[in-house]
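Subject: Structure handover

Hello,

I am passing on the structure we spoke about. Please look it over first; my notes on what was found follow below it.

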Amino acid sequence: MKGMWGVALATGLLCASSAIAQAPTDQDRQKAQELIRQIESLGWVHGPATMPIGNEAALRIPKGARYLGPEGTSKFLQLNGNPSADHDYTIAPEGVGWFAILEFDAAGYVSDKEKVDPDALFKQLRSNEDEANKERSAQKQPGLHLDRWVVAPHYDTASHNLEWGTVMHTDSGEQVVNYTSRILGRDGVTKAILVSDPANLSADLAQYRNALNGFAYLPDKKYEAHQAGDKVAAYGLGALVAGGATAAVVKSGLFAGIFAAILKFGVAFYKLIAVGAVAAFAAFRKRIGQLFGRKAADDSDQA
């Protein structure tokens, strides 16, 4: 499935468009087109370019990728039924298909001496699942249930990058795939979550890693610049996994229903950039018009 996904910080529109898959209407099409127009009109910076990640790091955006700063990312999330975020950043390919949200957490210097035990962490996450889902329910978010590691937690001592991937499912059975990076720095940790889907994870992961290769802390903010007296985080590598493995990504909002309709009617669709953002507005408008039988050329032919 070539999915579109919403950041599961909140999924207030999870079921709002379930009827679209059954009977897409002209109003639904217009709403989708307007959402696309707004997302495509955000302040995207197109690579090659070097852009800041807070005051801690910079990200070299390669050709074929694009970037949103905090203001654009906040609007990007809100347009898709998610809460705003004041300090997040977005990277995504021009050809779409995946995106990643980055955020710096000024937790302090995290010691990397702790050994990461995937089996123990998996058991810990499963044991905390019920309590975590109670909190998600209180925030009107769908429950999430861990199925397996798609990539077990592992730490690279050279890049100071802790990574892992999870396969989860929601209460309604929708599959959720996350790939998470935690890049350690002197003052804290840069969090990055790749939004992809099961069918395209391998290809998307390669592009994501290529884009993330352009990430670098400023010289005095690098992990190696740590000095005695710096703030030290109250946790280690294992807690980074345990505390971040449920920051998941799920399908939600208007586009979830529209995409279900696309699958139902078998229309070949240009890959979507989630959460709901698509390739170019004109390209998507043409294809959505084909789906609903409202393309101007078709109308002319039938006249």
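Strands β8 and β9 run antiparallel and are joined by nine bridges. Please keep in mind that this is a predicted model. Within the pair, Leu146 has Met168 of β9 standing opposite. The two strands form a hairpin with four residues between them. β8 covers residues 144-156 and β9 covers 161-170, and His160 lies in the loop between the two.

His160 deserves a look of its own. Its phi is positive, about 55 degrees, although His160 is not a glycine. Is His160 buried or exposed? The relative accessibility of His160 is 10%, and because the cut-off for buried is under 20%, His160 counts as buried.

Another backbone feature is found in a different loop. The peptide bond joining Gly47 and Pro48 is cis, with omega at about 5 degrees. Pro48 lies in the loop between β2 (45-46) and β3 (49-53).

Next, Ser181. This residue is in strand β10, which spans residues 175-184. Ser181 has a relative accessible area of 0%, so it is buried. What does the side chain of Ser181 join in a polar contact? The partner is the side chain of Tyr208, at 2.7 Å. Leaving aside residues up to four places away in sequence, Ser181 touches Asn161, Leu162, Glu163, Thr190, Lys191, Ala192, Tyr208 and Leu212.

Tyr208 leads on to the interior. With the same sequence neighbours (up to four places away) left out, Tyr208 touches Trp98, Ala100, Tyr179, Ser181, Ala192 and Leu194. Tyr208 is also listed among the residues with the most contacts inside the largest nonpolar core, together with Ile53, Ile91, Leu102 and Phe215. That core has 25 residues. Which element gives the largest share of this core? Helix α5, residues 201-212, supplies five residues, the largest share. Apart from this core lies another, of 22 residues, and Tyr155, Trp164, Met168 and Leu237 are among them.

Met168 thus comes up twice in these notes: as the β9 residue opposite Leu146, and as one of the residues of the 22-residue core. Tyr208 likewise appears both as the polar contact partner of Ser181 and in the largest nonpolar core.

If you want a place to begin, open the model at Ser181 and Tyr208 and their 2.7 Å contact, then go to His160 in the loop between β8 and β9.

Regards

Key:
Residues are numbered from 1 along each chain as its sequence is written. This is a predicted model: local features need pLDDT of at least 70, side-chain atom pairs count only at pLDDT 80 or more; totals for chains, interfaces and linings use all residues. Side-chain values use heavy atoms; hydrogens and water are left out. Buried means under 20% relative accessible area, exposed over 50%, partly exposed in between (1.4 Å probe, protein chains only). A polar contact is a pair of N or O atoms within 3.5 Å; within protein, one must be able to donate a hydrogen and the other to accept it, and residues adjacent in sequence count only if both atoms are side-chain atoms. Contact means heavy atoms within 4.5 Å. A nonpolar core is a set of buried Ala, Val, Leu, Ile, Met, Phe, Trp, Tyr and Cys residues joined through side-chain atoms within 4.5 Å. Two strands pair if DSSP finds at least two bridges between them.
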